[in-house]
Amino acid sequence: IVYHPNWVDTDRFCPRAESPVSRRVLYVGRLVEEKNLLRLAQAVNGIWGAHLRCVGEGPLHWALGGAHPASYRADCPGPLDWAALPSEYRAAACFALPSLTEGHPKALLEAMACGLPCAVSDRGGVVRHEETGLVFGAESEQSMRAAIERLLNDQNLAQRLGSAARKEALKYSIETLMPQEIALLRSVAI
């Protein structure tokens, strides 16, 4: 077994020039139960002025942001082209990854590369609590809300964690990891 992490294009996914004016909380990925998105929507809806945007597709699209009267009031534009994702990250105030199970998520690396402060569940990922982001209990809406609210309300914390996240993401740059991936594939293609 060989562990080879995901890579991120740190030139394309890079920080914005100025702080966002919105209180947008961004999630990028599949809109499925294991991603814990209904709990995320409830947590964000309990934060004054915050708005959740879920980019991706899946069976929870209707419940999260559809016209259904019981929707969770999230903005769900559907899947977007990869080229459009950097501007999505740059328009957000923070990134949230509430997954009940997670490996080495590409979307999280992209958010971190953009210098976006991140709040992630305790079920996996590359974030170290209070160093490169905030970690919350996946099963706790209150813990999730508190972490996201801290990032939205404390600009110094958000800037510090966003800068640290960018530095961490540089370890996973395409320039660093792609040659390793090619070498690995060549070594097994004999």
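Which residues in helix 5 are buried? The legends below take up this question together with the sheet on which the helix packs.

**View 1. The six-stranded open sheet of the predicted model.** This is a predicted model in which local features need pLDDT of at least 70 and side-chain atom pairs count only at pLDDT 80 or more, whereas totals for chains, interfaces and linings use all residues. Residues are numbered from 1 along each chain as its sequence is written, and side-chain values use heavy atoms, with hydrogens and water left out. Six strands, in the order 3-2-1-4-5-6, form an open sheet with parallel pairing (strands are DSSP runs of E of at least two residues, and helices runs of H or I of at least four, numbered from the N terminus; two strands pair if DSSP finds at least two bridges between them). Strand 3 (75–78) and strand 6 (134–136) are at the edges with a single partner strand each, so one side of each has no neighbour in the sheet. From one strand to the next the twist averages 25° (axes are lines fitted to C-alpha atoms, for helices over the stretch in contact, and angles run from 0 to 180 degrees between N-to-C directions).

**View 2. Strands 1, 2 and 3.** Strand 1 and strand 2 run parallel and are joined by five bridges, with Val28 standing opposite Val55 in strand 2. Together with helix 1, these strands make a right-handed β-α-β unit (right-handed if, with the strands pointing away from the viewer, the path from the first strand over the helix to the second runs clockwise). Two bridges link strand 2 to strand 3, where Asp75 is the bridge partner of Arg53. Of the five residues of strand 2 (51–55), four are buried (under 20% relative accessible area, with exposed over 50% and partly exposed in between, for a 1.4 Å probe and protein chains only).

**View 3. Strands 5 and 6 with helix 5.** Strand 5 (118–121) runs parallel to strand 6 and is joined to it by three bridges; Ala119 stands opposite Leu134. Helix 5 (141–153) packs on the sheet, touching strand 1 (24–28), strand 4 (94–97), strand 5 and strand 6, and its direction makes about 160° with that of strand 6 (contact means heavy atoms within 4.5 Å).

**View 4. The buried residues of helix 5.** Met144, Arg145, Ala147, Ile148, Leu151 and Leu152 are buried in helix 5. Seen down the helix axis, the buried residues fall within an arc of 165°, so they line one face of helix 5 (the arc is that of the directions from the axis to the C-beta atoms). They pack against strand 1, helix 1 (37–45), strand 4, strand 5, strand 6 and helix 6 (155–169).
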